[in-house]
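Reader: I've got a model open on my screen and a few things I'd like to ask about it. Can you walk me through them?

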Amino acid sequence: MIGLLRPPERAMARLAAAARLWLAAGLAALLAACAGPAGPGHSARTLSPINPAQRTEVVMTALSLLDTQYRYGSARPTRGFDCSGLVKYVFATATHTALPHNTDQIAQLSRPVSRSRLQPGDLVFFNTLGQPNSHMGIYLGDGRFINAPSSGGQVRVDSLDSPYYRKHFQSVGTLFSG
């Protein structure tokens with residue numbers, strides 16, 4: 001089709017095609033914000049279990065960040081958070097635990113828990129992009145969790161029973177002992 005156009009139109013069509021390709025690549029990066037692969041040098045780690053007495057501090061720290069802007073790749077309240085950046089920041093602040101900035105790596109560090117045994121401060125994981133652990137949040141209690149859901153959004157509280165999250169729910173993990 002491009003070959004049938006006059007030279008200036010052909011150049012514009014090529015520019016438009018290149019712009020669409022860059023836009024698609026950018027959108028794919030944003031959608032994979034929390035699910036990025038472990039890059040070179042990221043080996044399996046283990047953490048010392050966190051004292052359960054710190055659950056309240058985790059929840060309170062997370063709630064203090066409500067309405068903070070979403071920002072891909074960020075783990076700082078002044079710039080914004082993506083989902084794993086929010087979890088990384090909350091646990092570093094509340095428990096002095098260093099976590100990776102990657103949902104899959106955090107899921108691997110957490111101890112699996114059944115959904116029926118969820119407690120405030122536990123982590124909830126979702127398959128939102130057709131791949132395991134592509135989104136996460138911190139459980140608050142009463143079926144609610146806090147998360148940084150998407151570009152253009154803000155840190156917010158959502159329900160595990162909402163149609164979207166019920167459909168994409170994957171697992172629960174904890175970093176706490178006991």
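Reader: Let's begin with a charged pair. How far apart, N to O, are Asp161 and Arg115 in their salt bridge?

Author: Keep in mind that this is a predicted model. The side chains of Asp161 and Arg115 meet in a salt bridge. Asp161 sits in the loop between strand E7 (156–159) and helix H5 (163–168) and Arg115 in the loop between E3 and E4, so the pair ties together parts that are 46 residues apart in sequence. The N to O distance is 3.7 Å.

Reader: Is Asp161 buried, partly exposed or exposed?

Author: Buried means under 20% relative accessible area and exposed means over 50%. Asp161 has 47% relative accessibility, so it falls in between and counts as partly exposed.

Reader: And how many salt bridges are there in total?

Author: Besides Asp161 with Arg115, Asp122 pairs with Arg55. Asp158 also meets Arg156. By the salt-bridge rule, the count comes to 3.

Reader: How many residues apart are Asp122 and Arg55?

Author: Their closest N and O atoms are 2.9 Å apart in a salt bridge. Asp122 is in the loop between strand E3 (111–113) and strand E4 (123–126), while Arg55 is in helix H2, and this pair links distant parts of the chain. In sequence, they are 67 residues apart.

Reader: Is Asp122 buried or exposed?

Author: The cut-off for buried is under 20% relative accessible area. Asp122 has a value of 1%, so this residue is buried. Its partner Arg55, at 11%, also passes the cut-off and therefore counts as buried.

Reader: Which residue shares a 2.9 Å polar contact with the side chain of Asn147?

Author: Asn147 belongs to strand E6 (residues 144–147). Its relative accessible area is 0%, so Asn147 is buried. Contacts of Asn147 beyond four places in sequence include Leu86, His135, Arg156 and Tyr165. The side chain that makes the 2.9 Å polar contact belongs to Asp158.

Reader: What distance, N to O, goes with the salt bridge of Asp158 and Arg156?

Author: Asp158 has 13% relative accessibility, so it counts as buried. Arg156, at 38%, is partly exposed. Their side chains meet in a salt bridge, N to O, at 2.8 Å.

Reader: Last one: how much accessible area does the nonpolar patch of Met60, Leu63 and Leu66 have together?

Author: Leu63 is found in helix H2 (residues 55–63). With a relative accessible area of 32%, Leu63 is partly exposed. Met60, Leu63 and Leu66 form this surface patch, and together their accessible area is about 240 Å².

How values were computed:
Residues numbered from 1 in each chain as written. Predicted model: local features only at pLDDT ≥ 70, side-chain atom pairs only at ≥ 80, totals over all residues. Heavy atoms only, no water. Helix = DSSP H or I, 4+ residues; strand = E, 2+ residues; numbered from the N terminus. Buried < 20%, exposed > 50% of the residue type's maximum accessible area, 1.4 Å probe, protein only. Polar contact = N/O pair within 3.5 Å; in protein donor to acceptor, adjacent residues only side chain to side chain. Contact = heavy atoms within 4.5 Å. Patch = residues over 30% accessible without salt bridge, like charges linked within 9 Å, V, L, I, M, F, W, Y side chains within 5 Å. Areas by Shrake-Rupley, 256 points an atom, 1.4 Å probe, with all protein chains shown as cover. Salt bridge = Lys/Arg side-chain N within 4 Å of Asp/Glu carboxyl O.
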